[in-house]
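Please open the model in a viewer and keep the selection panel at hand. The stops below proceed from the ligand outwards to the whole chain.

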Amino acid sequence: MSKHTHQKSIRTVIVTGSTRGIGREMVKGFALRGWKVAGCARSRKDVKTLTEELGPGHFFEAIDVANDVAVASFARQVLDNLGVPNLLINNAALMNDPAPLWEISASEFDRLTAVNINGIANIIRHFAQAMIRQGSGVIVNLSSGWGRSTSADVTPYCTTKWAIEGLTSALAQELPEGMAAISLNPGVIDTDMLRQCWGDEAASYEKPFEWAKTAVPFLEKLTAQDNGRQLTAP
Ligand SMILES: NC(=O)c1ccc[n+]([C@@H]2O[C@H](COP(=O)([O-])OP(=O)(O)OC[C@H]3O[C@@H](n4cnc5c(N)ncnc54)[C@H](OP(=O)(O)O)[C@@H]3O)[C@@H](O)[C@H]2O)c1
């Protein structure tokens, strides 16, 4: 598909971290509602499976959002193939293995900040200008309850999610009229990430598929009027 065949009426969404957890269910939900979807994750195998499942008209690539060069190439391909996104959802993130801060290695801490903070900045760096030229678009950055409160043993994760609240709020002041930057606390959902943190206790929480049934229509309705808001998924 070339950009010349791109129909304006069909909307495009990008969801990073699109192969597992709530990212995967957002991708499927948006596609079912007629959106063109682009996404990424690190696992080549999972990206291949998702590509086959979603079929033509969408675009997924195996990249690490912490790698700015890879993000630049991903953005070029998405913009060429699907057009400028109407909605950009920064969902990819990592959780630390629960432990007090002084027991967390420098490499684990650095990995979380590289993915959860720098990864979002990388994605915005390579998509925002096309969205600004288009004069519209909504950027949603996944935060967390732990981006607005704290708990023991998840200090690296809290650090990155509080940073995302700051990043999003400042970005909202930079974007031109017609655009929005929003932080989103998705709630608590039974995903691999929650299992890493809470083990089997995660089983009692909402499943990603159920979550997406209300979250996708909610995300679909966000507009420039929501710029700067700190939202929580319904
Ligand atoms: N689940 C919850 O209860 C909860 C609560 C609050 C906030 N959140 C937030 O919601 C978002 C999604 O969480 P989740 O629970 O669905 O997580 P998840 O189940 O762990 O899924 C994470 C997804 O992101 C991808 N990913 C991870 N690192 C990446 C990287 N460096 N580059 C590209 N893709 C990467 C993963 O695929 P690969 O591993 O193949 O890369 C996977 O597709 C996160 O921002 C999380 O902080 C979740």
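How many nonpolar, polar and charged residues does the shell around the ligand have? The shell has 15 nonpolar, 11 polar and 5 charged residues; Ala, Val, Leu, Ile, Met, Phe, Trp, Tyr, Cys and Pro count as nonpolar, Asp, Glu, Lys and Arg as charged, and the others, Gly among them, as polar. This is a predicted model, in which local features need pLDDT of at least 70 and side-chain atom pairs count only at pLDDT 80 or more, while totals for chains, interfaces and linings use all residues. Residues are numbered from 1 along each chain as its sequence is written.

Select the ligand first. It is surrounded by 31 residues (C-beta atom, placed from the backbone, within 6 Å of it), and the closest are Gly-17, Gly-21, Arg-42, Ala-93 and Thr-191. Helix 1 (21-32), strand 2 (36-41), helix 4 (106-134) and helix 6 (192-198) each give two or more residues to this shell. Helices (H or I, at least four residues) and strands (E, at least two) are DSSP runs, numbered from the N terminus.

Next, select Thr-155, which lies in helix 5 (residues 155-174). Thr-155 counts as buried because it has 20 C-beta neighbours inside 10 Å; the cut-off for buried is 20 or more, with C-beta atoms placed from the backbone. Add Leu-101: the two residues are 54 apart in sequence, yet 6.1 Å apart in space, C-alpha to C-alpha.

Finally, display the whole protein chain. It has 7 helices and 7 strands, running β-α-β-α-β-α-β-α-β-α-β-α-α-β from the N terminus. Of its 234 residues, 40% count as buried. Its C-alpha atoms fill a box of roughly 55 × 40 × 35 Å along the principal axes.

Technical notes. Buried ≥ 20, exposed ≤ 12 C-beta atoms within 10 Å, placed from the backbone.
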